[in-house]
Each structure stands twice: as structure tokens, then as C-alpha cells.
Amino acid sequence: MGALPVAGEGLHSQPLGIRIGISALIVVLYIGLLASAAHLVSHFENRDERPGFTLDDVTGAYHGIDSPGLLGTALERGHPETLPVAHKDLLLAWLTSGRIVEDYDSLDLEIPPAEIIDQNCLECHTRAAGAARGTAIPPLEYFDEIKEIAFSRKVLPTPIKVLAASTHAHALALSIQGLVVIALVCMTRWRRRWISPWCAIMGLGLVGDVGGWWLARFSPSWTMCIMVSGAAYSLAQGILLASVLADLWWPRAMEPTVEPVVATKSKSKSRSDMEKES
Ligand code: HEC
């Protein structure tokens with residue numbers, strides 16, 4: 001038995017021990033991919049100070065977030081139209097005072113914010129109204145609910161030094177991992193043109209992911225690039241690994257690598273064309 005796979009037979013032609021070894025390591029790689037996904041969610045989940053894993057978590061980690069709370073945003077864009085300007089200014093001053101909790105129902109203020117909200121907002125912003133409309137109207141009945149959208153959000157991005165350390169570890173390990181997967185899949189019996197798009201997706205995915213970490217510093221729009229690219233890298237790798245596993249254990253070539261030429265059909269490709277493609 002030669003050192004390299006027999007042409008057309010793929011990795012299945014290798015001795016049992018080699019096939020068992022490669023398969024076991026692929027299983028561990030799968031476990032690693034799953035663990036990465038789980039780690040990603042738990043690691044980033046709270047970056048945007050809100051429960052659940054969202055795009056904002058990734059933006060917070062790689063770009064940082066500096067936005068006024070939902071309450072301030074709504075008031076600034078003139079919602080609700082029925083709110084007198086004087087009241088709106090009072091609420092905005094309260095939100096930026098740094099005394100959101102202390103002054104919520106403070107009688108020292110001209111009108112306590114609690115009272116303004118009570119009189120101007122509650123006709124629409126009750127839990128019942130939100131549920132009835134089936135829309136996401138934030139309830140404003142209790143201070144706990146108001147507090148949740150009153151504070152501005154400022155999330156600092158991961159420090160450059162930490163990002164550099166993370167890139168150093170990930171870029172080196174993940175690229176080698178990808179190269180090994182491509183090397184393995186190139187030894188299979190599968191046609192090159194079936195596997196080659198997945199190799200491209202995996203490679204470009206990693207470039208987009210790691211590159212995105214740095215580009216997102218300049219613009220939060222790269223967050224989407226990080227998410228899509230990272231998913232593409234993992235998905236493509238998962239598929240390529242599955243194809244290696246299939247090649248290791250599938251008994252015969254599912255299809256001959258070179259198909260016989262049907263000479264009678266003028267449309268059919270010549271033998272050399274097919275060899276070029278596969
Ligand atoms: C006439 C009904 C009505 C009144 C009064 C009203 N709102 Fe709203 N509010 C809505 C509706 C409907 C939405 C959801 C749709 C939207 O974003 O416009 C909403 C959304 C919001 C949001 C979420 C904005 C977002 O971008 O998702 C905030 C915050 C808000 N209102 C604050 C207030 C405050 C504070 C008051 C009182 C000063 C108030 N609203 C009074 C109907 C009202």
C-alpha cells in the first residue's frame with residue numbers, strides 16, 4: 001500500500017489505523033467547532049448590557065457602542081407629538097443629568113419626570129396596550145421598566161492589545177486548521193469541482209472574520225461581515241470534514257472519477273475536457 005491514496009479510491013484506500021486516527025481527530029474538530037459556537041455566545045452575550053446574543057453584542061466587542069437610551073432617542077426624534085416642548089426638555093435634561101434614579105420622582109424638580117410620564121405616556125405605554133397591539137411598545141408603568149431604556153449605553157470595545165493577542169492566537173491556529181482540512185479533502189476521491197467552492201468559502205470566511213475584527217474598529221457595519229464570514233468558515237469546514245469522513249469509510253467510489261465518453265452524442269464533452277474540469 002502506497003503512502004499516498006490510490007488514484008480514484010481516496011482515503012478509503014489507506015490502512016485501517018490511519019483511517020481511524022483521521023476520523024477520531026475529525027470528531028474532536030467537530031467538538032471544537034461546537035464548543036467555539038457555545039463559547040462565542042457566552043463570551044459576547046453581555047457585551048451590550050442587554051440579555052441575549054445579538055448583533056449589538058458583537059458591535060460592542062469590536063467597535064464599541066455609544067448611543068443614548070431608547071427613551072432619549074424617542075424624545076429627541078419628537079415622540080410623542082403630543083408632548084409639550086417644555087416637558088420634553090425637562091425629560092431630556094433629567095436623562096442627561098446623571099441623576100436618573102435620584103430625580104425620577106424628586107419633588108425638588110419643577111415637575112417630577114414620573115409625573116410627566118404618567119400624564120403623557122401611559123395612555124399608550126402600558127403592558128396591556130402593548131400586548132393588545134402586538135407591537136413592541138415599551139411599557140412605562142414602573143420605574144424598573146423606565147430604567148431599562150433611560151440610561152445611555154456606552155460599551156467600550158475590546159482593547160487593541162487584547163484584540164492583537166486574540167488575533168495572534170486565532171489567525172495562526174484557524175488558518176493552519178483550514179489548510180489541513182483542504183489538504184485532507186484534496187486526498188479524497190471527490191471531484192475537485194465539488195469541493196473547490198467550499199474551500200474558497202472557508203478561506204474567504206476566515207479572511208472576512210479576522211479582517212472584520214480590525215475593520216469593525218473603524219465602522220460598526222463590519223460587524224455583519226464578522227458574523228457572516230465566521231459562520232461561512234465554520235459551515236464550509238464542517239461540510240468539508242463530512243466529505244473527508246465519507247471518503248474514509250464509503251467503500252467504493254460513488255462515481256468513477258473519469259466518466260466514459262458517449263461518442264454518439266455530439267453535445268457531450270470530450271474526455272480531455274472532463275479531466276480538465278475534475
Ligand atoms: C398615542 C400613543 C402614545 C403616546 C401618548 C406615547 N407613545 Fe411612545 N410609542 C407609541 C407607539 C405606538 C410606539 C411604537 C411605535 C413607534 O416606535 O412609534 C411607541 C414607542 C415608544 C418608544 C420606543 C421607541 C423605539 O424606537 O422603539 C419609546 C421609548 C416611547 N415610545 C416613549 C414614550 C414616552 C416617554 C412617552 C410620553 C412622554 C410616549 N412614548 C407617549 C405610542 C405612544
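This passage describes the fold, the nonpolar cores, the ligand shell and several individual residues of a predicted model.

The protein contains 12 helices and 2 strands. Read from the N terminus, these elements follow the order α-α-β-α-α-α-α-α-α-β-α-α-α-α. Of the 278 residues in the protein, 20% are buried. Among the contacts between residues at least 6 apart in sequence, 62% join residues at least 24 apart. The average pLDDT of the protein is 85, and 86% of the residues score at least 70. In the stretch 263-270, however, the pLDDT is below 50, and beyond near neighbours in sequence this stretch has 4 contacts in the model.

The nonpolar cores are considered next. In soluble globular proteins, nonpolar side chains tend to be buried together. The largest nonpolar core of the model has 21 residues, and those that touch the most other members are Tyr 62, Met 202, Ile 226, Ala 236 and Leu 240. At least two residues of this core come from each of the helices α2 (55-62), α9 (160-186), α10 (192-215) and α11 (222-249). Helix α11 contributes the most, with 7 residues. The surroundings of Leu 240 illustrate how the core is joined: with neighbours within four places in sequence left aside, Leu 240 is in contact with Val 181, Val 185, Ile 195, Trp 198 and Met 202. Another core, of 10 residues, lies apart from the largest one and includes Leu 91, Trp 94, Ile 116 and Ala 150.

Helix α9 was examined separately. This helix has 27 residues and spans 37 Å from its first C-alpha to its last, which is close to the 39 Å expected at 1.5 Å a residue. Its buried residues are Leu 174, Val 181, Leu 184 and Val 185. An α-helix has 3.6 residues a turn, so residues three or four places apart point the same way. The cover over the buried residues of α9 includes α10 and α11.

The ligand is surrounded by 18 residues, of which Ala 74, Pro 80, Asn 120, Cys 121 and Cys 124 come nearest. By type, the shell divides into 11 nonpolar, 6 polar and 1 charged residue. Helices α3 (70-76) and α6 (113-120) each supply at least two residues of the shell. The largest share, 4 residues, comes from α3. Pro 80, one of the nearest residues, is placed in the loop between α3 and α4 (85-95). The peptide bond that leads from His 79 to Pro 80 is cis, with omega near -5°. Most residues other than glycine have a negative phi, and most peptide bonds are trans.

Several other loop residues were examined. Gly 98 is found in the loop between α4 and α5 (100-103). Gly 98 counts as exposed because it has 9 C-beta neighbours inside 10 Å, and the limit for an exposed residue is 12 or fewer. The C-alpha atoms of Gly 98 and Phe 151 are 9.1 Å apart in space, while the two residues are 53 apart in sequence.

Pro 139 belongs to the loop between α7 (127-133) and α8 (143-150). This proline has 19 C-beta neighbours inside 10 Å and therefore counts as partly exposed, as 20 or more would be needed for a buried residue. From C-alpha to C-alpha, Pro 139 and Arg 127 are separated by 5.2 Å, and in sequence by 12 residues.

Arg 217 occupies the loop between α10 and α11. With 16 other C-beta atoms within 10 Å, Arg 217 is partly exposed. Not counting residues up to four places away in sequence, Arg 217 touches Tyr 62, His 63 and Pro 157. Between Arg 217 and Tyr 62 the C-alpha separation is 5.9 Å, although their positions lie 155 residues apart along the chain as a sequence separation. Tyr 62 is also among the core residues that touch the most other members.

Finally, Ser 23 lies in helix α1 (residues 16-44). Its 15 C-beta neighbours inside 10 Å are the reason why Ser 23 counts as partly exposed. Ser 23 is in contact with Leu 245 and Leu 248, neighbours within four places in sequence being left aside. The C-alpha atoms of Ser 23 and Val 244 are separated by 8.5 Å, and the two residues are 221 apart along the chain.

How values were computed. Residues numbered from 1 in each chain as written. Predicted model: local features only at pLDDT ≥ 70, side-chain atom pairs only at ≥ 80, totals over all residues. Near = placed C-beta within 6 Å. Nonpolar A, V, L, I, M, F, W, Y, C, P; charged D, E, K, R; others polar. Core = buried A, V, L, I, M, F, W, Y, C linked by C-beta atoms within 7 Å. Contact = placed C-beta atoms within 7 Å. Expected span 1.5 Å × (residues − 1). pLDDT = per-residue confidence, 0-100.
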